[in-house]
Amino acid sequence: MPNDEDLSHFSITPDELHDFLLSHSIPTPLLLNHLMHFPNGSVVPSGLPNKVISITNSGRAGLFVNNARIVTPNVCQNSQIRCHGISAALTFENGLPFHRFPEPRDSSKNRNDSSSTPSVKKMSMPPFK
């Protein structure tokens, strides 16, 4: 999570807080060492179905999740969750606002138009050693 000062500059309503927290969460608890083994550009799900998190290892510049650098790794080591301090609130490429449920599609659009549906490729990860 971003620090308190960064969060104070982020515009979020109380109704959006739950989704904001889910968007900053990866469903599997991962230590920094686990994240370091992901290939550059790996995409992992967030706690929200319409948001994904990209993992980028920039060497000396650090490990990034989307736009934010991990600045304080492994904060919550004695719990069932794993926490990492990040340099900023995450931004997402799709730019969608926080919604718990997808918005209904316009049924008047051409249903045979596959360009409106993004393709998703599954990636298999080798086991951690």
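This passage describes the sheet, the nonpolar core and a surface patch of a predicted model.

The strands form an open sheet of five, in the order β1-β2-β3-β4-β5. Pairing in this sheet is antiparallel. Its edges are β1 (42-45) and β5 (85-86), each of which pairs on one side only. Two bridges link β3 and β4, again in the antiparallel sense. Across from Arg69 in β4 stands Phe64.

The largest nonpolar core comprises 13 residues. Within this core, the residues with the most contacts are Leu35, Ile53, Ile55, Val65 and Leu90. Three strands give two or more residues to the core: β2 (52-57), β3 (63-65) and β4 (68-72). In soluble globular proteins, nonpolar side chains tend to be buried together.

Leu90 was examined in more detail. Neighbours within four places in sequence were left aside. The remaining contacts of Leu90 include two residues also listed among those with the most contacts in the core, Ile53 and Val65. Leu90 also touches Ser23 and His24. Asn66, Asn67 and Ala68 complete the set of contacts to Leu90.

Nonpolar side chains also appear at the surface. Met1, Leu17 and Leu21 make a nonpolar patch of about 250 Å². Leu21 lies in helix α2, which spans residues 17-23. The relative accessible area of Leu21 is 40%. Leu21 is therefore classed as partly exposed, since that class lies between the 20% limit for buried residues and the 50% limit for exposed ones.

Notes: Residues numbered from 1 in each chain as written. Predicted model: local features only at pLDDT ≥ 70, side-chain atom pairs only at ≥ 80, totals over all residues. Heavy atoms only, no water. Core = buried A, V, L, I, M, F, W, Y, C linked by side-chain atoms within 4.5 Å. Buried < 20%, exposed > 50% of the residue type's maximum accessible area, 1.4 Å probe, protein only. Helix = DSSP H or I, 4+ residues; strand = E, 2+ residues; numbered from the N terminus. Contact = heavy atoms within 4.5 Å. Patch = residues over 30% accessible without salt bridge, like charges linked within 9 Å, V, L, I, M, F, W, Y side chains within 5 Å. Areas by Shrake-Rupley, 256 points an atom, 1.4 Å probe, with all protein chains shown as cover. Salt bridge = Lys/Arg side-chain N within 4 Å of Asp/Glu carboxyl O. Pairing = 2+ DSSP bridges.
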